[in-house]
Amino acid sequence: MYIFLALVGIWTVIDLFKGYKKAVNKNIYLFKNLSILSGIILIFFLFGPFFLISPVKIGYSSLKSDCITLFYPTSYETRGQEIFVMTKEAEENVKDFYGNTKNIKVLVGLSNIDMLRFGSHPKANGAGTVFGIAIRESKATSNIIAHEMSHKNLAEISNVKTSAKFPRWFDEGLASYLGKMDYYKNEQDLKDDLDRGMYRKDITEWKGIRGIFQWLNLTFIKPNPRLIYGQTYLMVKYLFDEYGQEKVYDLVLKASQSNFDKAFIEVFGITVNDFHKEFIQYIERSPHKSS
Ligand SMILES: [Zn+2]
């Protein structure tokens with residue numbers, strides 16, 4: 001959404017400039033158009049995608065700790081307190097992996113329209129945005145908040161300040177692992193998916209901006225979120241179980257400065273493809289105790 005906004009912004013400026021050159025009364029032209037533009041920007045701050053950084057938040061209250069600021073609708077006082085406790089819990093879980101993080105802003109939305117205007121997919125329960133995290137009030141859990149915090153931290157570590165640097169399976173899998181989202185799939189469920197040909201063997205190829213769209217497509221358009229979240233959760237869990245947290249963190253640090261595939265070989269001594277084969281063999285090794 002923010003990429004789209006930036007493009008619209010650039011287009012608007014170019015268009016304004018073209019119009020200015022053609023305008024007969026340049027002062028009136030400038031005054032009229034700049035008033036409209038500042039009106040739109042003001043609305044974006046007060047009600048739209050810049051809400052999280054707006055100094056004025058009508059109808060919202062905030063709660064603050066050392067590294068968390070939570071903004072919630074003032075009429076949801078009790079729920080706001082609850083979500084604040086969840087956020088602190090989430091921060092503890094994520095801190096164990098990433099270490100101390102910068103101040104993080106969390107914004108509570110109530111509806112699909114809220115989620116959309118705060119810069120997320122309207123149907124998402126939580127999302128990392130350029131300015132912080134948006135979370136849906138009715139679906140808020142410490143798991144989802146920790147998941148989004150992981151995305152945010154990973155983007156923050158990366159030298160390009162976006163988690164697009166990391167392939168989707170790793171970014172989403174790590175976020176789900178740190179969010180302790182063990183409720184999507186267990187090993188036996190994934191083995192059943194593998195047997196039925198539903199397992200996504202191509203998942204390691206979803207990278208960059210294109211990878212983000214492939215992921216969104218399977219999450220919201222052709223919905224199969226249980227499968228891909230569960231699969232990537234288990235892939236990353238396997239990395240933690242087999243190689244240990246320190247190695248995974250080492251991968252994050254190395255990959256954030258260079259290239260993920262290269263860093264992967266450096267840290268684990270095998271390619272991503274070989275790791276994926278190894279993981280699939282592990283899943284095939286039946287039986288897994290089902291829960
Ligand atoms: Zn995610």
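## Around strand E5

Let's start with a pair of strands: E3 and E5 run parallel to each other and are joined by four bridges. In that pairing, valine 106 sits opposite isoleucine 133 of E5. Keep in mind that this is a predicted model.

E5 has another partner too. Strand E4 (residues 126-128) is linked to E5 by three bridges, this time antiparallel, with alanine 127 facing alanine 134 of E5. Four residues separate E4 and E5, and the two strands make a hairpin. Here are the two pairings side by side:

| Strand pair | Sense | Bridges | Opposite residues |
|---|---|---|---|
| E3 and E5 | parallel | four bridges | valine 106 and isoleucine 133 |
| E4 and E5 | antiparallel | three bridges | alanine 127 and alanine 134 |

Side chains in a regular strand alternate between the two faces of the sheet. In E5 (residues 133-136), Ile133 and Ile135 are on one side, Ala134 and Arg136 are on the other, and all of them are buried, so both faces are covered. Take isoleucine 135: setting aside neighbours within four places in sequence, its contacts are Val106, Val108, Gly109, Gly126, Ala140, Ile144, Ile145 and Glu148.

Those isoleucines turn up again in the largest nonpolar core, which has 55 residues; Val106, Leu107, Ile133, Ile135 and Ile145 are the ones that touch the most other members. Helix H9 (residues 225-243) gives the most to this core, seven residues. The core takes at least three residues from each of domain 2 (60-157) and domain 3 (163-284). Nonpolar side chains in soluble globular proteins tend to be buried together.

Next up is helix H3 (residues 77-98). Its 22 residues span 30 Å from first C-alpha to last, close to the 32 Å expected at 1.5 Å a residue. Which residues of H3 are buried? They are Gly80, Ile83, Phe84, Met86, Thr87, Ala90, Glu91 and Val94. These buried residues pack against strands E1 (60-64), E2 (68-73) and E3 (104-109), and also against helices H5 (142-157) and H6 (168-178). Just after H3 comes glycine 99, with a positive phi of about 80°.

For a contrast, look at lysine 201, in the loop between helix H7 (187-195) and helix H8 (208-221). Is lysine 201 buried or exposed? Lysine 201 is exposed, because just 12 other C-beta atoms lie within 10 Å, and 12 or fewer counts as exposed. Its C-alpha is 30 Å from that of isoleucine 133, 68 residues away along the chain.

Finally, the overall layout: the domain assignment gives domain 1 (2-47), domain 2 (60-157) and domain 3 (163-284). Between the C-alpha centres of domain 1 and domain 2 there are 32 Å.

Methods. Residues numbered from 1 in each chain as written. Predicted model: local features only at pLDDT ≥ 70, side-chain atom pairs only at ≥ 80, totals over all residues. Domains from an automatic or database assignment. Buried ≥ 20, exposed ≤ 12 C-beta atoms within 10 Å, placed from the backbone. Expected span 1.5 Å × (residues − 1). Contact = placed C-beta atoms within 7 Å. Pairing = 2+ DSSP bridges. Core = buried A, V, L, I, M, F, W, Y, C linked by C-beta atoms within 7 Å.
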